[in-house]
Structures are given as structure tokens and as C-alpha cells.
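Reader: Hello! Could you take me on a close look at the empty space inside this protein, and tell me what surrounds it?

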Amino acid sequence: MDPLSFTASLLTVATLAASVTSTLSNLRHVGELPGRLQAINNEVADLEVILHENPNSLADVLRRAESKLRELETIISLLVRSCVGNGKFLVRAKVWLTEKPKLDALHEELHSLKATLNLILGVIHSQDMMRVQLDLQSISLVSARMTNAQIVFRDEINSTIDKSAHRVDERLATLERALNEQLSRLQLRLNSDMGAKLHGQAPNLSTVQQNRKSFAPSNQGIVRIRAAHYIGKICEADCRCACHQRVKYHSPSLVGPVVGQLFFGYAGFPRIRSRCDDDRCGRSRARHVSIEYWFPLWFLSRILMIILSLQRSGPELRLRVVRRIPDAAQCIDFARTGNIEGIKLLFKEGLASPFDVSQSRNFSMLRWAVFDRQYETCKFLLDAGSDPNQAGASAMMWDFFLWATINDSDLEAVTNLLAGSDFVDDQKFPMIHKIILKMSLRSLEDELFYNVDAVFQTDARGRTALFWVAARGDERSAITLLACGADPNAMDQDGRVPLHLAAESGRTGCIRLLLEAGAQTDPISLQGTPPRTPPLVLIGQFGDLLALKTILDFNPNIEARSPDGETALLAVARRQTAAHALLLLEHNANPNAMMNDGKTPLTAAITYNNGGVLRVLLNGWNNYITCPRLAGPNLLDVVADFADTETIHILAMAEHLRFNSDRQYVLSAGASERIRNRPNASEKLIAAFDELLCLMSQNDMEKETSVLMESGLLGYRTTSPESCCDIDFEDALDTIDNIDID
């Protein structure tokens with residue numbers, strides 16, 4: 001039976017049941033019903049209820065019920081007519097006696113049908129209950145799975161937190177070991193001195209200084225006067241009262257080249273500083289006064305430093321004379337390239353000192369080594385006696401540490417630069433800065449929700465949270481801060497913007513976010529702040545190829561220069577790849593740009609033995625208006641001082657170096673002597689240099705070919721002899737001049 005027929009049968013039976021019930025109700029008006037009819041009426045009423053409550057009964061049960069109800073309707077109709085049409089009692093009794101057996105049978109049948117339908121109803125209810133139970137079990141299973149997933153997620157979070165805590169513990173343990181080693185060495189030295197005094201002997205200086213390196217220079221130019229006495233209680237190192245802030249003054253820089261420049265600074269004098277703003281301040285801390293006089297370069301390349309400090313152990317007076325050296329000095333190049341052996345030799349011969357500073361930026365060798373991430377060189381210079389506080393070397397190292405640019409393997413080498421410094425306390429970081437630097441477990445979003453002005457809060461150097469986000473490469477936090485209104489062009493007290501820090505730390509993602517948010521590619525320093533290295537030059541020094549391409553897409557000044565005159569191409573020539581150089585040359589970078597010390601991209605590539613960039617500059621020389629070797633210092637002098645064997649081989653490939661018109665510039669009478677006096681000179685290096693001289697001094701190609709075959713450098717030639725026979729360089733320049741350049 002199809003569902004439609006089944007439903008129709010059900011409705012028919014229910015209608016019949018309702019009709020029978022109505023007829024019996026009419027019969028009740030005639031008189032009191034017998035008990036049998038009353039029972040039948042109850043059965044029919046129950047059947048009607050069951051049919052209405054159970055629309056899914058079986059078809060055969062419905063057919064039987066329909067048949068019985070029709071039969072019952074017929075009997076009831078007969079009884080109604082006999083009772084209504086005939087008023088005699090005997091007639092009605094006869095009709096009743098006649099139909100009574102049928103009614104009894106119908107009663108039994110209807111009772112049976114009702115029981116069957118009740119059973120069906122019970123089964124259906126049981127099925128419904130089973131479905132409900134299965135649904136509940138499914139819900140319970142899903143809940144259990146969700147609970148297990150939450151447990152796994154919680155375990156992962158706990159594991160991540162444990163790993164982070166473990167790394168922090170390892171770093172703290174490394175710092176603690178370094179401090180304990182220093183304390184042990186100091187205690188051993190003090191015990192040695194005291195033991196010698198108790199036995200009536202002078203202390204054995206050779207024993208006390210047995211751990212000092214033989215290459216460490218003597219502290220010439222330094223006079224120390226120290227007197228010890230008891231000092232009362234002073235403030236703790238973490239006191240952030242305004243009376244302890246450092247104050248600096250200096251004479252106008254315009255008069256520096258004529259009469260020199262004077263610098264004066266002090267800290268820890270509450271009577272001449274701002275009033276205390278911290279109830280815990282004891283108004284007493286290590287006091288410090290420093291005076292520096294920079295002699296004019298035309299008179300004397302020296303810096304006189306006078307430092308007076310009041311420590312727990314007593315007053316200390318230090319007089320130091322520091323030498324100012326050219327930016328092109330060998331010791332600076334060795335510090336920037338990590339040539340420790342070369343620095344040792346310069347120290348032994350008295351040609352350099354750990355306290356020397358460069359003329360352009362007044363950076364010490366230690367500061368240059370930190371700037372170029374030469375951490376092993378930093379450790380060596382500290383052991384040699386360099387002052388970590390001179391020229392801000394310790395502060396720069398703390399910056400790199402907080403920028404998360406120092407690997408765990410390099411951390412041990414720079415521990416002494418980080419130890420004993422109040423850098424973190426002196427910065428007075430707001431809460432949002434602590435969140436960025438992982439000094440607080442609070443959420444950045446929560447902090448901004450409760451303090452919407454937190455994006456504008458600055459630390460002691462005027463840096464907002466966006467500075468530290470850019471330096472650490474936290475792109476998610478950068479998006480959050482920029483969306484909350486952080487200024488991408490905000491400038492700190494040193495004249496830096498967030499783009500400077502992102503470029504210096506090589507954070508490509510943050511560089512793009514800042515530029516797209518409106519950061520200036522060439523920020524202009526405010527009046528009173530020192531000039532800063534442009535972001536493009538910093539990316540040329542530390543950024544990858546994608547970062548360089550990113551900032552070039554925003555049209556920066558391709559010839560922007562650092563304070564020492566370095567352009568992006570010069571920076572790339574020192575430490576980057578040929579792809580970096582090609583990208584800059586495609587954007588019309590000047591291959592003949594010259595630094596303050598006379599370096600050009602070509603000589604810089606030779607100085608730092610960057611073979612890839614050197615090949616780009618030499619192989620594409622005819623694409624430039626002026627050959628890149630015609631500017632800067634004498635080429636062979638640079639080769640003699642810095643080039644290695646591979647660099648000399650690359651120069652041997654450049655046949656245009658042998659043009660007659662340029663020989664007076666290229667050749668140098670003292671070049672052979674210079675390379676023989678190099679610290680790392682070897683027979684192979686000297687032989688390669690002599691062969692290069694021979695190649696460059698030949699006038700005829702056949703003679704050159706024979707020399708090349710004898711020297712073994714013939715394989716490095718990239719062009720055929722026919723392509724460079726007796727071609728004058730001036731003719732090449734005339735050819736370039738005749739080209740119509742749009």
C-alpha cells in the first residue's frame with residue numbers, strides 16, 4: 001500500500017470511529033444505554049484516540065477496524081431506528097436481543113484491535129526512544145572528542161611555554177656562568193696580591209696577568225687615580241627616579257673643525273637635576289661626570305677624555321687620550337670583516353689600539369665589530385681591553401639582543417658586552433613595550449583594548465612600540481599597531497624611524513608593511529639629531545634580495561648616503577651578492593660613487609674580496625659612462641693591501657685593465673712592496689700579484705698570451721684575443737659618448 005492510500009485508510013477508520021461515537025451519543029438521548037453498548041462506546045472512543053495518536057499503524061489492522069466499525073454502525077443505526085420509530089418496549093427488547101450477540105462479537109473484536117494498536121504504539125515509542133538514546137550517545141561521543149582536542153591543545157601550549165622557559169633559563173645560566181667566571185678570576189687575582197703583600201713581597205705582575213693575551217696592547221695614554229673610602233647606602237641599580245637620568249651637553253658642531261668640540265655629561269646628582277619622582281629613591285647613586293674634548297683635525301687627531309665617577313669602593317678619576325683614525329684604516333676594515341689575526345698583528349706592532357675611533361662616526365673598533373655582527377671579534381677586542389661603554393657598543397649589543405638577531409651560538413661570545421649594564425632599566429619601557437619584548441605575558445590586544453593611547457607611548461629614547469615590533473619582525477603585531485593608528489614615521493631621539501630598525505635587522509615583511517602604511521623611504525632627521533644611515537643603505541648592508549626589491553619598488557633616492565658617504569651599491573659591494581648589485585645597477589645606481597675615505601664600489605669589492613660583485617662591475621664596465629676603476633684610490637695599492645688569490649684571478653680576466661691610456665693610474669711603484677709586507681702574504685699570493693703586474697704592463701697581445709700561458713691564468717679569460725687587440729680606452733669612451741642616451 002502506498003503512503004497516500006494508507007493515510008486515506010487511516011482517516012477513513014478514524015472518521016468511522018468518530019461517527020459511531022456520535023451515533024451512540026444520539027442513542028444515549030433516547031434513554032439509558034445498556035452496559036454492553038456503554039462498553040462498546042468506550043472501546044470505539046479509545047480506538048479513535050489511538051488512531052489519532054498513531055498515524056503510522058499497519059494497513060491490515062486498519063482494514064479490519066474499518067470493517068468492524070462499519071458493521072457496528074449498521075447495528076447501531078438499526079437500533080436507533082427501532083427505538084425511535086417504535087415506542088413499544090417489547091419490540092425494542094426483541095430487536096436488542098437479536099443484535100446482542102453481534103454486539104458482543106464486535107466488542108471482542110474492537111477490544112482486540114485496540115490491544116493490537118496499543119502494542120504497535122508501544123513499539124513505535126520504543127523506536128523513538130532508541131533514536132533519542134543513539135542521538136545522546138553521538139552527542140556524548142562528540143563532546144568527548146572535543147574534550148580530548150582541548151586537552152591536546154592545552155598540552156601543546158604548556159609544552160611551548162616550557163620550551164620558552166627552558167631557553168630563557170639556558171640564557172640566564174650562560175650569563176650566570178660568565179659572571180661567576182669573572183668573579184673567580186677577580187678573586188684569584190686579589191688573593192695573589194694579598195698573599196704577596198703578607199709575605200713582604202711585591203705582587204708578581206706576570207702571575208697576575210698570566211691570562212692576558214700577549215697581543216693585548218698596553219694602556220698607553222691612560223692615567224687612573226683611585227682612592228677608596230666608605231660610601232653610605234646608595235640607590236639600587238633599578239631605581240628609575242628622574243634625578244638619575246643622564247644629561248649631556250656639547251658645543252656647536254659648526255665650530256668643531258676650527259677650534260674643536262667639547263662634550264660634557266653627568267648623572268646621579270639630584271641637587272642639580274630634576275626632583276625625585278620615586279618614593280623608593282634614596283637620592284644617592286653612583287655619580288658620574290665626563291668631559292671630552294675633540295681636538296680639531298688640522299691640529300691633532302686626538303680626543304681627550306676625563307671621567308670622574310663615585311662608586312661604592314670610592315672615587316675614580318680616569319684620563320684617556322684616544323686617537324682618531326681614518327675610516328679607511330686597516331684596523332677598522334679588519335674589525336668589520338672579522339680578521340682577528342690581522343688585528344693581532346696591528347696591536348703587536350703598535351699600529352692600532354682598542355681605543356681608536358673613526359673620524360666620521362667616532363665608532364671604536366668594538367662598535368664597528370658589533371655593527372657588522374662580528375661577535376667573535378667582539379670577544380677578542382673585549383679581552384684585549386676595549387671599553388664596552390665607549391661609543392655605545394654595549395647599548396648597540398643590547399639592541400641586537402632585544403631585536404632577537406643574536407643566535408644562541410653567538411650569545412656566549414657577547415655575554416661580557418651584556419653583563420653589568422643597566423640598559424633595560426634605563427629604557428623605562430611602558431607595558432606595551434614589555435609585551436612586545438616578551439617581558440610580560442599580557443596580550444597586546446588586551447592592552448590596546450584597555451589603553452587605546454598605548455600605541456603612542458615611548459620609552460626613554462623616544463621609541464614607540466612600533467619601533468620594537470619592526471626590529472623584531474613581528475608582522476602580526478605590526479598590523480595590529482598600524483590598524484590602531486601607530487605612526488610609521490615617528491622619530492626617536494637618535495633620528496631613527498621604525499623603517500631604520502626593520503632595515504637594519506633585515507625584516508622584509510615589516511619593511512613592506514611600513515612602506516605600504518606610508519613610511520618615508522628617505523626620512524629627514526630633525527634639527528639637533530645626528531644624520532642617520534638611509535634605510536636603503538641599511539638594506540644594502542643587512543637585507544636580503546627581496547627586501548632590496550621591496551624598497552626599490554617605492555622609488556627611494558638611489559644615491560642616498562650614510563654619514564661616511566656610503567651608498568647602497570657601496571654597501572652591497574662589501575658584503576652582498578652579485579644579484580644585489582645587478583638590481584641596483586638596473587635602477588641606475590652610480591658605479592663610480594665615492595665614500596668619504598675614497599672607496600668606490602670597485603675598490604670596496606676588492607677590499608672585501610667580494611668576487612660576485614667584482615665580476616659584475618668589471619664585466620659590465622662598457623655599460624657605464626665612466627669606467628668604474630677611474631675613480632677612487634690607486635687600484636693596485638688596494639689589491640696589494642686586501643685582495644686574495646681569487647680576487648687577483650678575477651682582475652686578470654678583465655682585459656681592459658691593460659689599456660695603455662690607463663697604465664699610469666693602474667700601476668703603482670710600491671705595490672709589490674706593499675703586498676710583501678701584508679700579514680697574511682703567502683708565496684702563492686705574491687706570485688699571483690706579480691703575474692697580474694706582468695699582464696697589465698704588456699703592450700702586445702702575443703706577449704700577453706705567452707705570459708698568461710706561463711702563469712696559468714689563461715683559462716680565466718672571457719673574450720677572444722681578436723676582441724681586444726690594441727683598443728684604446730679613450731676610443732671606447734668616444735664610442736659611448738656618441739650613443740644617444742634618452
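Author: Happy to; here is a walk through the enclosed cavity and then an open pocket. Please keep in mind that this is a predicted model.

Let's begin with the enclosed space. Searching the whole structure turns up one cavity of 30 Å³ or more, and its volume is about 80 Å³. Its lining includes Asp327, Ile332, Asp333, Arg336 and Trp368, and farther along the sequence Asp564, Glu566, Arg574, Met595, Asp597, Lys599 and Tyr608 complete the set. Helix 7, which covers residues 330-337, makes the biggest contribution to this lining, with three residues. As for chemical character, eight of the lining residues are charged, four are nonpolar and none is polar.

Now for the open side. The second largest pocket has a volume of about 1,100 Å³. Of its 33 lining residues, Val168, Leu437, Lys438, Met439 and Arg472 are the closest to the centre. Several helices take part: helix 4 (89-198), helix 11 (393-402), helix 15 (431-436), helix 16 (444-450) and helix 18 (475-483) each provide at least two lining residues. Helix 4 gives the most to the lining of this pocket, with 10 residues. Here the lining divides into 20 nonpolar, eight charged and five polar residues.

So how does one find such spaces at all? A probe the size of a water molecule, rolled over the atoms, shows where empty space is left.

Conventions:
Residues numbered from 1 in each chain as written. Predicted model: local features only at pLDDT ≥ 70, side-chain atom pairs only at ≥ 80, totals over all residues. Heavy atoms only, no water. 1 Å grid on protein atoms, 1.4 Å probe; cavity = no way out; pocket = protein on both sides within 12 Å on 5 of 7 lines; lining within 4 Å. Points joined across faces, edges and corners; volume = space filled by probe spheres on them. Helix = DSSP H or I, 4+ residues; strand = E, 2+ residues; numbered from the N terminus. Nonpolar A, V, L, I, M, F, W, Y, C, P; charged D, E, K, R; others polar.
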